[in-house]
Structure formats: C-alpha cells, structure tokens
Amino acid sequence: MDALLDNTALAQLREALGSAGYTSDGIRKHLGEDAAAAAARNDFRAALRVTGAGGRLDTLIRLFICGQTEPLDRVAAALAPLPLESATELLSFAQDGARAALELEPYGDWWVVADLSAGMRPGRPLPGDHVLGIGGASSTLAAATLRRPVGTALDLGTGCGVQALHLSTHAGRVTATDVLPRALRFAATTAALNGLDWELLEGDLTRPVAGRRFDLVVSNPPFVAGPGSTAHTYRDSGRPGDAVCAELVAAAPGLLADGGHMQFLANWLHVAGEDWTERVNDWLAGTGLDAWVIQREVSDPLAYVNLWLADASEDPSRQPALAAAWLDWFDAHRIEAVGFGLITLRAGGHDDPTVRIEDLRHTVEGDLGPLIAGWFDRQDFLRHADLLRSRLVAAPGLTLRQEAALGAEGWEVGQQLLVLPSGLRWIEEVDPVALALVGACDGTVTLQDQVDLLAAAHGVPAAVLAEVAVPLVSHLVERGVLLCAP
Ligand SMILES: C[S@@+](CC[C@H](N)C(=O)[O-])C[C@H]1O[C@@H](n2cnc3c(N)ncnc32)[C@H](O)[C@@H]1O
C-alpha cells in the first residue's frame, strides 16, 4: 500500500518535523502548559499569541494544530528540506499562503497522519470515507490493551494507524487492516513517517487475514448501533444493530493463536425485557474463549443518536430527519439503551472457559491494560490453585466501610462494604463470614486453617463452612480484593 508521500518526501518531512522540534514534548515546552492544554481543547488564542514570531516550530504549530493559513515563505522554511511541490498532499494552497490539508499530529514520540478533524473543518459534515485521527475511543482502547511482548499482532480497522503504533512497541510483527484503501494509505504514511514497517491489508473485517492466527488482536471497530447504515465508514459497519460486535466475537476463535488475546471496543443493545448480559453471553456461547466483558457506559437512544450525529458533524438541517429515522428503528426493535464497553477474549484452551460479563461503570485508577492483565492472572490462579491450601493477603489499603442505624439496642450495623482504594476500585458488600475471613488474610496461614478456626469458634462443621467460603473467597480473589500471598 502506497503512502501519501513518496519515500524521499517522507524522509524529508521526518527531518523537518524532528529538526523543528514538532513533537508532543517540544510543542508543550514551546507553548507552555496552559496554551498547550487550551489548544488541545480547540481554543487556539493563546497558542496563536505565543507563535507570532514566525520561527519554524511556530509555523508548524499554526499550520497543523491551529489550522491557520500561513505565508508560503514561512511554510517552505518550516518544512525544509521537503520542497513545497512535494507537499501537495499535506497542504492546500491559496493566494495568501498555505494551510493544512490533513492532520499531522505529534503523538508521544510519534506522528500520526489523518484527515482534518471536525473542529478544523467547521460547518462541513465529515465525508463518508473520513479517516479519523486520535480520539477518545482510540485512547480508551490503547490504554486498555495488554502490553506484554507478543510475536504477532493485528490491528483490525486501523484507520490512521494509532493502535498499530502502540502494537509496534511490543509485537514482533504488526499487521493492520482496513476496508478503506484510503485509510490504509494514511496508515502507511503514519508507519513510514515513524520508520515502522507494518503489513497493511485491505478488506472487510477478518477477510484479509482469513486462516491466519495472531497472539494479540485489537480493534476499535465501527461499532455504532443502528439500522445498518454505511454513511460513515469510521462509525458504521453496514450491519444492523450490534451485529458487527457479535461477528467479531464469532471470528475470534479462528483468529487467535493458543493463549492469544483479542480486545475490542463494542456496543451492545439493551432490548426491553431482556438482560444485556445474556445477549452478550449468547455471542460467546460455544466459542471456548475466556472472556471478560465490561460495560463502561450506557446511553439512552436519544443521547446516543445525538452523540453520533454530532460526532460526524451531520448537516444540522438534515439532523432531525436522520435522528427520527434512527430513533424509529430503535423503537421498532424495542431498544431501550445502548451499552458501550470493552470485550477481552482469550484462547485459553479449556473446556470450561471463564466468562464474566459485568458493569464496571465507576472510575478505575490507572490504565485498564494492566488491570485486565491482572484479572486474567488471577483467573489462572483460581483455575490452577487449590484455594483451601492457598495463603491469601488482603489488597493493600483495603478498607471496611460500615453503615449503622441507631435502633432500640444501640447501633445496628447494616451494610458492610469492603472498599478497594486503588486499581479496579471495586466496592463489595460482605457478610460477617466474609469479613472474618478477609480480616484474617495476612498471608501466614492457609484458607483451610482459617476455615477450621472459624468453624471451631462458631461450632459448625469445617466442611460446611468451607463450602460457603470457597466461592466467596474466589469471588474476592477475582475482584482483586484478596491476593495470593507472595
Ligand atoms: C473508529 S475507526 C478506528 C480507527 C483507529 N483504529 C483508532 O483506534 O482510532 C474504525 C476503522 O475501521 C475501519 N472499518 C470500517 N468498516 C470496516 C470493515 N468492515 N472492515 C475493516 N475495517 C473497517 C474504518 O475505515 C476505520 O478506519
């Protein structure tokens, strides 16, 4: 797949950007924290004040970050040694100068090439083949990705190539696919500009990699749920409802190497009278995959439709009709809400895979990626260890929150909650048995010894107490409230 610029021009562009200091750090230092933060929110006033001197970095910032038209001599100096006649894909020329024709975004130590964002093309709806730059969903997936070293990785629906960039840091070989040839040209440009080499393949979902297996597959797919529109390729899969996400789950067993993971952002429908977890569970049935599906947000149909119409900068005069048709489809299918979340699958090779489908709507501490890695590690521990012979410790900082009401006998404790203050930040309601067990988890004795002591203290058979304790403790281990002692 050809990049937007030839190899010579790409090398010259890389030299220009590097020598001018057009990097995330370089720009932040040049603008200062406040102006840089304002520019990131599309408020360019301070950035324009700081970059008035017309140096090379000033000009690049004004062009590619603030969306200004700059005098040709300054643009030529800023991009040197890339000659302006080789920069026709990057710039659009007018009598009074040149402006950016596409987004050239510094991203960490990389540069990413994409179409101009909606904010840079005010009043114009996004075209159907728009190649998205780095957005909230891109960052959510990047932060949730497992970053352990792998041999082969696939970025399905690569667009500008942002996920493939991250994969390059820990995968031996990166393959990236997209249904849009135009998107692949952008991805090829991003790769070449950063001196990276990806296998780029064109085609629908998993077709370009049929018969191949990967250690890690990531995707921020066109998951938007609706009647099956194809209006905006970055958003619409052409499949009705949430079928594209069901299709990706169904494809996973054929895509993953032994022990491989697939992670993708997904939407699922909440249909009246049905439990959303059962719907997603149906997608997983028979796949043999371990799965952790977390729902991070739920939108009502009106908010959902308005969000996605605004996201594509739909023509405001057409919006009411588009919104009405979309909402009518939701009504006709009894859709009450749409869930958004992350699906992580693992080819675990067991007959009885572990499947959890749950809400995780609260704010967690830190990136999800390491938290997901920890979740799968704890599942492995639970699968292989004899819990009763294990020594467990309470998670660091675990606290107990009690609620009590004043009754005839004095304070009567109602709810007792274990609060995990970091990481996944679960809050678990517990009964006195769980509380006693957790309280004694200091890593010095086995769970069996704890059960024996507690059983003796309460005059119940240890075997009976063990039957209660094992599922309860394994749930707390799964949630990271209790950990295997070192
Ligand atoms: C939401 S964008 C994600 C882009 C980028 N990976 C990211 O994380 O920001 C979805 C991408 O999937 C591509 N796409 C849409 N339909 C597809 C399909 N049927 N098969 C493969 N890719 C598709 C789009 O062209 C677009 O690049």
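## A tour that starts at Gln263

Select Gln263 and Leu146 together: a polar atom in the side chain of Gln263 sits 2.8 Å from the backbone nitrogen of Leu146. Keep in mind as you go that this is a predicted model.

**Stop 1: around Gln263**

Stay on Gln263 and colour by secondary structure. Gln263 belongs to strand β9, which runs over residues 256-271. Is Gln263 buried or exposed? With a relative accessibility of 0%, below the 20% cut-off, Gln263 counts as buried.

Now show what surrounds Gln263. Setting aside neighbours within four places in sequence, its contacts include Leu141, Ala144, Thr145 and Leu146. Leu216, Val217, Val218 and Ser219 are also among the contacts of Gln263, and so are Leu342, Ile343, Thr344 and Ile372. To see how the chain comes back on itself here, draw a distance between the C-alpha atoms of Gln263 and Ala144: they are 8.2 Å apart in space and 119 residues apart in sequence.

**Stop 2: across to Thr344**

Which residue shares a side-chain polar contact of 3.3 Å with Gln263? Thr344 does, through its own side chain. Select Thr344 next, and you will find yourself in strand β11, residues 335-346. Thr344 has a relative accessible area of 1%, so it is buried as well.

Expand the selection around Thr344, leaving out residues up to four places away in sequence. Thr344 touches His261, Met262 and Gln263, then Asp290, Ala291 and Trp292. Leu146, Ile372 and Phe376 are in its list too. Leu146 is worth keeping on display, as Thr344 touches Leu146 and the backbone nitrogen of Leu146 lies 2.8 Å from a polar side-chain atom of Gln263.

**Stop 3: the ligand**

Centre the view on the ligand and show the residues around it. There are 18 of them, and those that come nearest are Ser138, Gly157, Asp178, Asp204 and Leu205.

Three polar pairs are good to label:

- Gly157: a backbone N or O atom lies 2.8 Å from a nitrogen atom of the ligand.
- Gly159: a polar backbone atom is 3.3 Å from an oxygen atom of the ligand.
- Asp178: an N or O atom of the side chain is 2.6 Å from an oxygen atom of the ligand.

How much of the ligand does the protein bury? On its own the ligand exposes 590 Å², and the protein buries 97% of that.

**Stop 4: backbone geometry in the loops**

Here is some background for the next three selections. Most peptide bonds are trans, and most residues other than glycine have a negative phi.

Begin with Ala80 and Pro81. The peptide bond from Ala80 to Pro81 is cis, with omega near 15 degrees. Pro81 sits in the loop between α6 (72-79) and β1 (91-94).

Next, pick Asn42, in the loop that links α3 (33-40) and α4 (45-50). Its phi is positive, near 65 degrees, although Asn42 is not a glycine. Asn42 counts as partly exposed because its relative accessibility is 47%.

Then jump to Ser313, in the loop between α12 (301-311) and α13 (319-332). Ser313 is another residue other than glycine with a positive phi, in this case near 45 degrees.

**Stop 5: Arg74 on helix α6**

Go back to α6 and select Arg74, which has its place in that helix. Is Arg74 buried, exposed or partly exposed? Arg74 has 33% relative accessibility, so it counts as partly exposed.

Once neighbours within four places in sequence are left aside, Arg74 is in contact with Gly52, Ala53, Gly54 and Thr59. Measure from Arg74 to Gly54 if you like: their C-alpha atoms are separated by 7.0 Å, with the two positions 20 residues apart along the chain.

**Last stop: zoom out**

Finish with the whole protein chain in view. Its C-alpha trace spans about 90 × 55 × 50 Å along the principal axes, and the chain has 17 helices and 18 strands. Of its 486 residues, 50% are buried. Among contacts with a separation of 6 or more, 69% are between residues 24 or more positions apart.

Switch on the surface to end the tour. The accessible surface comes to about 21500 Å², with 52% belonging to carbon and sulfur atoms. Colour by charge, and you have 36 positive and 62 negative side chains, with the centres of the two sets 6 Å apart.

Notes:
Residues numbered from 1 in each chain as written. Predicted model: local features only at pLDDT ≥ 70, side-chain atom pairs only at ≥ 80, totals over all residues. Heavy atoms only, no water. Helix = DSSP H or I, 4+ residues; strand = E, 2+ residues; numbered from the N terminus. Buried < 20%, exposed > 50% of the residue type's maximum accessible area, 1.4 Å probe, protein only. Contact = heavy atoms within 4.5 Å. Areas by Shrake-Rupley, 256 points an atom, 1.4 Å probe, with all protein chains shown as cover. Lys, Arg positive; Asp, Glu negative; His and termini not counted. Charge placed at Lys NZ, Arg CZ, Asp CG, Glu CD. Near = heavy atom within 4 Å. Polar contact = N/O pair within 3.5 Å; in protein donor to acceptor, adjacent residues only side chain to side chain.
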